[in-house]
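Welcome! Please take a look at the sequence and the model below, and then we can walk through some of its details together.

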Amino acid sequence: MKIESMIDSIKKIVSFIKQYLKTNILFITFVISSVINSCILRFVTVKNYFDIRPVIADLALVVIVGAFGYFLKPKHQFRYYITWSIIFTLTCLINSIYYTNFLSYASFSLLKTSLQVIGVTDAVVENIMELKDFCYIWQIVAMVFVHKKLKKRGYYDYVATIEKGKIRALNTLVVGLIFIGMFISTLTSTDISRLNKQWNREYLVMRFGIYAYQTNDLVATLKAQINPLFGYDEHAKAFREFYDTKNNYHETNSYTNALKGMNVIVIHAESIQQFVLDTEFNGEPVAPNLKRLANEGLYFSNFYAQESVGTSSDSEFTFNTSLMPASSGTVFVSYFDREYVTIPKLLKQQGYYTFSMHGNNGSFWNRLNAHKSLGYDKYYNYKNDFEIDETIGLGLSDKSFFHQAVPKIKEISEQNKNFYGVLIMLTNHTPFSDITGHTDYEVNYKYQAINPDTGELEEMIAPYMEGTKLGNYFKSVHYADEALGQFLAEMDAEGLLENTAIVIYGDHDAKLKKSEYKRFYNYVPETDSILSSDDPNYKNVDYYSYELNRKVPFIIWTKNKNLKGEVTKVMGMYDVLPTLGNMMGFQSPYALGHDIFSVDENVVVFPDGNWLTDKMYYNQSNDTGKLLNPDDTVSVEYMEKYTKIADQAISISDSIIIYDLIRRTKETQELLGQE
């Protein structure tokens, strides 16, 4: 009897499953297609193929969303499910495109900055559209196909006779909650903390799945708009405690006051990476002027940008304030109206006239408002202050921009004892193809060798870099470098370099893909081929080598060459203010970085929580790191120490930005003598 009872039970279960599958086809199609798309996204981005946890998280959310469809009559359910299918498809598609180009995931906080895309349409069309990014559309096609088949079979009329919508909705919700419970049981305190902070997006998608991440991101974005209204006391307390105990290393050293009383011109070098200074083709350097300035000046060869979704604007902000970019949105768009202690404001206390110049629209990245907030006396921009006589890419060409800037700087120098100016370059902006065809700036990629038959030097092989994105980048850099050389020559001719320090920094890396570098590093010119990955000479461009290669140049140069030498210590954009401050006689009590000449071991904190010291690069997402010298060793305590420093720097900086802590604690007014 027991066996018969078991058989009957099994038959009932099988019958129930068959009936369920038969009468829930649309719901099941929606759930399966949504989860498959989320898996595909992770596979092509973070590549965590075997982790079941994000699958459970995405499944739970999709089941719960799908459950509400049962509250509708069967004939109306398709509209509900196709709407959510479109939402989930777009979620995967947008994040795939975003990750392809920025190695991160999209955020609702980007909606405020999405209008910036209008200014870089060419870059969007040429640089980000890839076929694989559109594979997710199959979900919509599948849903429409299944719907038409079901409608033709009279499925919806049949289901309407047997389905009790509210009961099925509640049962499905219970199943979704069970999945959530299963997932929550796997979470650690670190997972919960990072979900709350939201700044390590790669980790969140790897751990929570794309739909849970995006839902949490929406909540975090809305919270960011509401947060300034609540929790001020708690964050202000943490802010005061942090700076009360922070060692700002205000020690004098051999570089103290080295630039005191000098004028300063800062060159914001668009997309210039450090490795181009050492790149040559046929004995001709790609960036001869930058290389010369690095050799003649103070050259920081392990300098890293710390930008987030705000790219160039983030670098401007961090350069000027020694704070981190905002974890949600961008400071220039969302938080420009806060009070910050900046280089222009601090130099204005010393009587400096401060200005900025750019060959793009003043509204781009909201610079018209943001630069005023940073303390610049004037922002010279695009059609308002420059004659648009030559455009390349996004706006006024660098050569024309620099040429027109010189007389403006001369006029400023005649009217002011000291000046501090930032000139933002533009031409070397992705997609780097706009300079192609300007024959004056071509790079000869053809391999030259002695022909064994003739004994003469000949171009032996086809130009292997021609037509590639990295090849176009080298051409674009070559143009930008020549424009910089022209600018310095014209400045010198006007006598403007006699008491002026030139500060050059790359605002961020070129955002090129690993495949571009793999081809570049493994090309064999003698055979016009690429090394096989199993060749002992093959250079693999893995995650860590790619990240370490993202460093950008930072150079301080004077005509008299009094400052000279290479600084190999790792340094970040937030170290610029305290380092220049030591050299010029100012300081900010809120600087998160350090004077590079007064700290024994420096750490560069990145907006995603990763960090870099002279010993290792640490990836918080995977809780793994790479020793820069294989013979070195680091302890668990060492990694915990710098992970804590990274978390705290991001948290404190966010508090300052979101809660406007510097203004609200009235400390800025005291610092600047305004009370």
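## A network of salt bridges

E547 is buried, with a relative accessible area of 11%. This is a predicted model, and in it E547 forms a salt bridge with R550, the closest N and O atoms being 3.2 Å apart. R550 also has a salt bridge with D509, at 3.1 Å from N to O. D509 lies in the loop between β13 (500-506) and α21 (514-521), while R550 lies in the loop between α22 (543-548) and β16 (554-558), so this pair ties together parts that are 41 residues apart in sequence.

How buried or exposed are the two partners, D509 and R550? D509 has 4% relative accessibility and therefore counts as buried. R550, at 22%, counts as partly exposed, because the buried class ends under 20% relative accessible area. These residues belong to a wider group: E307, D509, K511, E547 and R550 are linked in a network of salt bridges.

## A salt bridge within one helix

Across the whole structure, a search finds 24 salt bridges. One of them joins K237 and E241, with the closest N and O atoms 2.6 Å apart. Both residues sit in helix α12 (residues 232-245). They are four residues apart, which is about one turn of the helix.

Are K237 and E241 buried, exposed or partly exposed? K237 is partly exposed, with a relative accessible area of 47%. E241 is partly exposed as well, with a relative accessible area of 41%.

## Helices α19 and α20

Next, follow helix α19 (residues 398-415) and helix α20 (residues 469-493), whose axes come within 9 Å and cross at roughly 20°. The two helices are therefore roughly parallel to each other; the cut-off for that description is an angle under 35 degrees. The crossing of α19 past α20 is right-handed.

Which residues make the contact between α19 and α20? On the α19 side they are D398, K399, F402, H403, V406 and I409. On the α20 side they are Y479, A480, E482, A483, L484, Q486, F487, E490 and M491. Sorted by class, this contact has nine nonpolar, two polar and four charged residues.

## Helix α23 and its neighbor α14

Helix α23 (residues 576-584) is mostly covered, and nine of its nine residues are buried. Those residues are V576, L577, P578, T579, L580, G581, N582, M583 and M584. Just after α23 comes G585, which has a positive phi near 90°.

What meets α23 from helix α14? F319, N320 and T321 in α14 are in contact with V576, L577 and L580 in α23. By class, the contact of α14 with α23 has four nonpolar, two polar and no charged residues. Helix α14 covers residues 311-321, and the axes of α14 and α23 come within 6 Å and cross at roughly 40°. That angle makes α14 oblique to α23.

## Two buried loop residues

T427 is placed in the loop between β10 (418-424) and β11 (448-450). With 5% relative accessibility, T427 counts as buried. Leaving aside residues up to four places away in sequence, T427 touches I392, L396, S397, D398, S476 and Y479. Two of these names may be familiar, as D398 in α19 and Y479 in α20 also take part in the contact of those helices. The C-alpha atoms of T427 and G359 are 9.1 Å apart, although the two residues are separated by 68 residues along the chain.

S301 is found in another loop, between β4 (298-300) and β5 (303-304). S301 is buried, with a relative accessible area of 5%. Where does the chain bring S301 and E566 in relation to each other? They are 265 residues apart along the chain, yet their C-alpha atoms are separated by 6.7 Å. S301 touches Q274, K551, E566, V567 and T568, again not counting residues up to four places away in sequence.

Terms used. Residues numbered from 1 in each chain as written. Predicted model: local features only at pLDDT ≥ 70, side-chain atom pairs only at ≥ 80, totals over all residues. Heavy atoms only, no water. Axes fitted to C-alpha atoms, helices over the stretch in contact; angles between N-to-C directions. Parallel < 35°, antiparallel > 145°, perpendicular 65-115°, else oblique. Left-handed = near helix turned anticlockwise from the far one by under 90°. Contact = heavy atoms within 4.5 Å. Nonpolar A, V, L, I, M, F, W, Y, C, P; charged D, E, K, R; others polar. Buried < 20%, exposed > 50% of the residue type's maximum accessible area, 1.4 Å probe, protein only. Salt bridge = Lys/Arg side-chain N within 4 Å of Asp/Glu carboxyl O.
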